[in-house]
Amino acid sequence: MNKNSTSTRRGFLGAAAGLSVAFAITACGGGDPLAQNTSSGAAGGGEAVVVGSANFPENAILAEIYAGALSAAGMDATTRLNIGAREVYLKALEDGSIDVVPEYTGNLLGYLDASNTVVDGAGILAALPAKMPAGISVLDASSAEDKDAIVVTAETAAKYKLKSIADLTPVCSELTLAAPSEFQTRPYGLPGLKKLYDCVPKDFKAFSASSEALNLKALLNDEVQFADIFTTSPEITANKLVVLQDPKSMIGAQQVIPIIKTDKVNEAGQKALNNVSKQLTTEDLIALRTQVEGDQKMDPKAAAAQWLKDKGITK
């Protein structure tokens, strides 16, 4: 899955939507994540609720955190992880295959409103509720953020004296960029680079958001000279990459936020999810990704369980 998926989402519902979801998942390979639960939270014994996730590790960790918090609040929460791209999991939310999913504010708003130009966090949060499909609600956003960032190696930064994206302007035509394929059309992608920073790369190599390792490898091998990597990636610190500043705010805010099927998550459940948002920080996201994707190779559910315990949400 990819956090930046742009496909128009105003699809039909009901049986037809279910078929399209199943087809999309099958097309991605690996079977149908909606066919059965892949893991479960602690048995809450209450109203059943299914937490879904996109198919990248951070989102799966967040789904496990949400499920654990809902279970602690008395709901019978289970998870269905790695469902697919935004157009797939939002349809699943609409047709009731799942009831909760972690989202990212800026990309969600851009997906729901292709004409959106709002990039600041408060503005995005103000605009989102009116753009949500019928029966789907946003809850409280966390301060935790995972956004796209233009990064270079320390060697490239030194060679071209790069501190901000603006510094790319005089050398951009000499450099190759690697990014998720959607970067070619998103306002904060190639169009934004050209419009705001007069930067048109020599070449563009597309990677999926779920194959960030390939993106990173190309950058470290100097096959590409700058890349779009998410800010919570533990590889940024591990490889001493330089995140270029964005003085013209090309890239919008991307706060983590739970979205729910409104009639399936009761008041106690909504309070539990809002409490997760209240306590979740960007530093937490980086630490959780390091535990799961780093040398420790921690299971996402175990990492989520430890975070919930550390925050006093579970015992």
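**Group meeting talk: strands, helices and cores of a predicted model**

Four of the five residues of strand β2, which covers residues 48-52, are buried, so the strand is largely enclosed by the rest of the structure. I begin with this strand, and I should say at once that the model before you is predicted. The partner of β2 is strand β3, residues 76-80; the two pair in the parallel sense over five bridges. Within β3, D76 is the residue that stands opposite A48.

Allow me now to describe the chain as a whole. The protein chain holds 12 helices and 11 strands. Of its 315 residues, 52% are buried. Taking the contacts with a separation of 6 or more, 78% are between residues 24 or more positions apart.

I turn next to the nonpolar interior. Which residues touch the most other members of the largest nonpolar core? They are I65, L70 and V100, in a core of 56 residues. Helix α2 gives the most to this core, namely nine residues. V100 deserves a closer look. Leaving aside residues up to four places away in sequence, V100 touches V49, V50, V51 and G52, as well as Y66, L70, L93, I259, I260, V265 and L273. Apart from the largest core lies another, of 22 residues, with A157, I165, F183 and L244 among them.

Helix α2 brings me to the packing of helices. Two packed helices are described by the angle between their axes and the distance between the axes. For α2, residues 57-72, and α11, residues 282-293, the angle is about 110° and the axes are 10 Å apart. That makes α2 roughly perpendicular to α11. On the α2 side the contact is made by P57, E58, I61, L62 and I65, and on the α11 side by L285, L288, R289, V292 and E293. By class, this contact has seven nonpolar and three charged residues, and no polar ones.

L288 of α11 also offers a link to helix α12. Q306 lies in α12, which spans residues 300-310. The C-alpha atoms of Q306 and L288 are separated by 9.6 Å, while the two residues are 18 apart along the chain. Is Q306 buried, partly exposed or exposed? Its relative accessible area is 36%, and Q306 is therefore partly exposed.

The second helix pair is α3, residues 86-95, with α4, residues 105-112; they pack at an angle of about 80°, and their axes are 12 Å apart. α3 and α4 are therefore roughly perpendicular to each other. R86, E87 and L90 of α3 meet N107, L108 and Y111 of α4 in this contact. Sorted by class, three of the residues in the contact of α3 with α4 are nonpolar, one is polar and two are charged.

Finally, why is α4 described as largely enclosed by the rest of the structure? Eight of the eight residues of α4 are buried, and that is the reason for the description. These buried residues are T105, G106, N107, L108, L109, G110, Y111 and L112. Their surroundings include both helices and strands: the buried residues of α4 pack against α3 and α5 (121-131), and against β4 (100-104), β5 (136-138), β6 (148-152) and β11 (256-261).

To close, I return to the two enclosed elements of this talk. Strand β2 has four of its five residues buried, and helix α4 has eight of eight. Thank you for your attention.

Note on methods: Residues numbered from 1 in each chain as written. Predicted model: local features only at pLDDT ≥ 70, side-chain atom pairs only at ≥ 80, totals over all residues. Heavy atoms only, no water. Axes fitted to C-alpha atoms, helices over the stretch in contact; angles between N-to-C directions. Parallel < 35°, antiparallel > 145°, perpendicular 65-115°, else oblique. Contact = heavy atoms within 4.5 Å. Nonpolar A, V, L, I, M, F, W, Y, C, P; charged D, E, K, R; others polar. Buried < 20%, exposed > 50% of the residue type's maximum accessible area, 1.4 Å probe, protein only. Core = buried A, V, L, I, M, F, W, Y, C linked by side-chain atoms within 4.5 Å. Pairing = 2+ DSSP bridges.
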